[in-house]
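Biologist: Please give me a close look at one part of this model. Work outward from there and define your terms as you go.

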Amino acid sequence: MQRLVQLVLDLFDAPPAVAQPPASPSPPAPRSSQTSGPNRPLVLENQAQAAPDFIANAAPAVPLPAVLAPAEFRHPQANREIRLGDATVAFALQRARRRSIGFTVGADGLSVRAPRWVTLAGVDAAVREKQDWILRKLTDAQARRARQEDGRIRWADGGTLPYLGAPLALRLDPAHRFAGRGAALAPDAATGQPALHLALPHHATEAQIRDLVHAWLMREARRHFTERLDHFAPLLGVRWTALRLSGAQTRWGSAKADGSIRLNWRLMHYGPALIDYVVAHELAHLRVMDHSPRFWDTVAEVVPDYARLRAALRDQPAPLWE
C-alpha cells in the first residue's frame, strides 16, 4: 500500500519535462574569393531554414510603398489635383475652343486643355485614362531636370561649360592678354588646353561672367551655324535667306517657306554631329514643310544616321544657365 501511494505522489510531483532547444546550426563556412563575384548567382533556396532567431521573430515587413514617400508632380500654375496610383499630380487646366482634351507634359509638369463643355469629372476621367503615359512622361521630365541641375554651369574662374560637345574651362583674365572682344579661346597657362579667357577682374560677379560668355557664344553660334547652313543647303538643293538665333527651352529650330531659318544658340553645347542634324532638319523643311516619310527621306540624304542623332539630342538636356 505504501509503495502504491509513493508511486502516485511521484507522478504528481515530478517536474515537467523541458524541451531541449535544437542545436544551433553551425555557421556556413565563408566563401572563398574564387567562388564569389558579380557573375555568381546568389543561392536563395532554403534560406528560411537557416534564418537566425531575430529574423524569424521579427515583425512583418513593411510594404515598400509605405516606406517611400509618394511621388508628387506639381505644375507651377496648377489649378487642379488628382491622385494617379501612388503619385499626386497637380496640373494646369485650361479651357479652350477645341473638340477633344489635349495633354502636354513639359519641364513644368502636366498641362491639360479641355473644351468648355467637358465637366471636371470628365477631365479627371480622361487624365486617369492616360495615367500610364502621363506618369511615364512626368518621370522622364523629372529625371531630365535632375540631369540639368547636375550640369548647371558654375559662373566663376575655373568653371566649365560644354562647348561643341567638350568641356571648356572659364578663365578670368583682367589683363586681357588675348586677342578678341572681351572673350576669346586661348591656351590655358596651367593645362595648355583651350580655355575661354574673359577680360574681367577676379572679383567679377556671376552675372557679369554669364553675360560675357553669352555674348561670345552668340557670336560663335552665328558663325558656326552660317558655315553649316552653307554646307548643307547646296546638297539639299535649297536656298536659305536669313538666320535668327533663338534661346527657347524646348525648340531647337524652325524654318519658313521664305527661306528664313531660326536656330537655338544652346545647340553650341552639343557635338558638331548633333548640330549638323538640326541644321539639315530645318533646311529639309524648305523642301518638305511637314514631318512625312518624304521629309525624313530628305533628311537622310545628307544625315543618314539622323534617327540616332535625334534620340541623342532628346536624351541630352542642355545645361541650365540661371
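Modeller: Start with H281. At a relative accessible area of 9%, H281 is buried. Here buried means under 20% relative accessible area, exposed means over 50%, and partly exposed covers what lies in between (1.4 Å probe, protein chains only). H281 sits in helix 7. Helices are DSSP runs of H or I with at least four residues, strands are runs of E with at least two, and both are numbered from the N terminus. A255 is 26 residues from H281 in sequence, and their C-alpha atoms are 9.2 Å apart in space.

Some ground rules. The model is predicted: local features need pLDDT of at least 70, side-chain atom pairs count only at pLDDT 80 or more, and totals for chains, interfaces and linings use all residues. Residues are numbered from 1 along each chain as its sequence is written, and side-chain values use heavy atoms, with hydrogens and water left out.

Stay with helix 7 and take its charge. R228 and D276 form a salt bridge, with the closest N and O atoms 2.8 Å apart. R228 lies in helix 6 (residues 206-236) and D276 in helix 7 (residues 272-284), so the bridge ties together parts that are 48 residues apart in sequence. Both partners are covered. R228 counts as buried at 16% relative accessibility. D276 is buried too, at 14%. The term salt bridge has a fixed cut-off: a side-chain nitrogen of Lys or Arg within 4 Å of a carboxyl oxygen of Asp or Glu. Side chains of opposite charge can pair when their charged atoms come close.

Now follow helix 6. L217 belongs to helix 6. L217 is buried, at 0% relative accessibility. H269 is 52 residues from L217 in sequence, yet the C-alpha to C-alpha distance is 9.5 Å.

W216 brings in the rings. The whole structure holds six aromatic pairs. One of them joins Y163 and W216: the pair is tilted, 5.1 Å centre to centre, with 50 degrees between the planes. Y163 comes from strand 6 (residues 160-163) and W216 from helix 6, so parts 53 residues apart in sequence are tied together. Y163 is buried at 11%. W216 is buried at 3%. A second pair, W296 with Y306, is stacked: 5.1 Å between centres and 15 degrees between planes. This pair links W296 in helix 8 (residues 293-302) to Y306 in helix 9, ten residues apart. W296 is buried at 13% relative accessibility, and Y306 is buried at 18%. Rings of Phe, Tyr and Trp (its six-membered ring) count as a pair if their centres lie within 6.5 Å; planes under 30 degrees apart are stacked, over 60 edge-to-face, and the rest tilted. Ring pairs also link W155, W265 and W321 into a cluster.

Back to strand 6 for a backbone detail. L164 has a positive phi of about 55 degrees, although L164 is not a glycine. L164 is in the loop between strand 6 and strand 7 (166-172). L164 is partly exposed, at 23% relative accessibility.

Next, salt bridges elsewhere. The full count is eight. R308 pairs with D305 at 2.7 Å, N to O. R308 is exposed at 52%, while D305 is partly exposed at 32%. E72, R74 and E81 form one network through salt bridges that share partners. Within this network, E81 and R74 have their closest N and O atoms 3.0 Å apart. E81 is partly exposed at 46%. R74 is partly exposed as well, at 44%.

Last, the surface charge. K130, R136, K137, R310 and R314 gather in a patch of positive charge on the surface. Helix 5 (131-150) and helix 9 (306-315) each give two or more residues to the patch. R314 is placed in helix 9. A patch takes residues with over 30% relative accessible area and no salt bridge, joining like charges within 9 Å and nonpolar side chains (Val, Leu, Ile, Met, Phe, Trp, Tyr) within 5 Å. Lys and Arg count as positive and Asp and Glu as negative, with His and the chain ends not counted.

Key
Accessible areas come from the Shrake-Rupley method with a 1.4 Å probe; for residues, only the protein chains shown count as cover. The place of a charge is taken as NZ of Lys, CZ of Arg, CG of Asp or CD of Glu.
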